[in-house]
Amino acid sequence: MHLSKRTGPADPENLSDLQHYTKHYPKAQWILAHCARGFNAFMLEESIHILTGIPNIWYDTSAVNDIYSHYLLMKHENRA
């Protein structure tokens with residue numbers, strides 16, 4: 001899934017939509033493209049604390065060259 005708003009995961013509407021759809025479709029598995037569009041870590045930095053609270057989220061890390069984006073995922077997400 002591509003988060004469509006300009007700032008990707010940092011956009012409150014994107015996060016709200018994701019939370020809404022997760023509630024309505026609890027068995028859905030969300031694969032968020034490009035670290036949830038966290039190409040620039042500042043976008044992911046603002047939202048990782050919310051994303052970690054949403055169940056059934058997976059991250060595609062292709063095309064993300066910012067090492068800090070990967071660091072944020074490893075630090076905050078459950079890696080088990």
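This report walks through the core, the charged residues and a few backbone oddities of one predicted model.

**The core**

Let's start inside. The largest nonpolar core has 18 residues. Leu 18, Leu 32, Leu 44, Leu 51, Ile 57 and Tyr 59 are the ones with the most contacts inside it. Two or more residues come from each of these elements: helices α1, α2 (33-37), α3 (41-45), α4 (48-51) and α5 (67-76), plus strands β1 (30-32) and β2 (57-59). As general background, nonpolar side chains in soluble globular proteins tend to be buried together.

Leu 51 is a handy place to look around from. Setting aside neighbours within four places in sequence, Leu 51 is in contact with Leu 18, Leu 32, Leu 44, Ile 57 and Tyr 59, among others. Its contacts also include Pro 9, Leu 15, Ala 36 and Glu 77.

**Charges around Asp 11**

Now for the charged side chains. How many salt bridges does the structure hold? Just one. Glu 13 forms a salt bridge with Lys 5, and the closest N and O atoms are 3.0 Å apart. In general, side chains of opposite charge can pair when their charged atoms come close. Neither partner counts as buried: Glu 13 is partly exposed because its relative accessible area is 48%, and Lys 5 is partly exposed too, with 30%.

Asp 11 sits in the segment before α1 (12-24). What does this residue do for a partner, being buried yet without a salt bridge? The nearest side chain of opposite charge is Lys 5, 5.5 Å away. A salt bridge needs a nitrogen within 4 Å of a carboxyl oxygen, so Asp 11 and Lys 5 do not make one. The Asp 11 side chain does reach the backbone nitrogen of Glu 13, at 2.7 Å.

**Two positive phi values**

Most residues other than glycine have a negative phi. His 34 goes the other way, with a positive phi of about 55 degrees, and Ala 63 has a phi near 70 degrees. His 34 is found in helix α2, while Ala 63 is in the loop between β2 and α5. Are they buried or exposed? His 34 is buried because its relative accessible area, 16%, falls under the 20% cut-off. Ala 63 is exposed because its 52% is over 50%.

The two residues also meet: leaving out residues up to four places away in sequence, His 34 touches Ala 63, along with His 2, Phe 39, Asp 60, Ser 62 and Val 64.

**Met 43, Tyr 21 and Ile 67**

Met 43 lies in helix α3 and is buried, with a relative accessible area of 10%. Beyond residues up to four places away in sequence, Met 43 touches Arg 6, Thr 7, Gly 8, Pro 9 and Ala 10, as well as Arg 37. Tyr 21 lies in helix α1 and counts as partly exposed, at 40% relative accessibility.

Both can be gauged against Ile 67 through their C-alpha atoms:

| C-alpha pair | Residues apart along the chain | Separation |
|---|---|---|
| Tyr 21 and Ile 67 | 46 residues | 30 Å |
| Met 43 and Ile 67 | 24 residues | 13 Å |

Notes:
Residues numbered from 1 in each chain as written. Predicted model: local features only at pLDDT ≥ 70, side-chain atom pairs only at ≥ 80, totals over all residues. Heavy atoms only, no water. Helix = DSSP H or I, 4+ residues; strand = E, 2+ residues; numbered from the N terminus. Buried < 20%, exposed > 50% of the residue type's maximum accessible area, 1.4 Å probe, protein only. Lys, Arg positive; Asp, Glu negative; His and termini not counted. Polar contact = N/O pair within 3.5 Å; in protein donor to acceptor, adjacent residues only side chain to side chain. Core = buried A, V, L, I, M, F, W, Y, C linked by side-chain atoms within 4.5 Å. Contact = heavy atoms within 4.5 Å.
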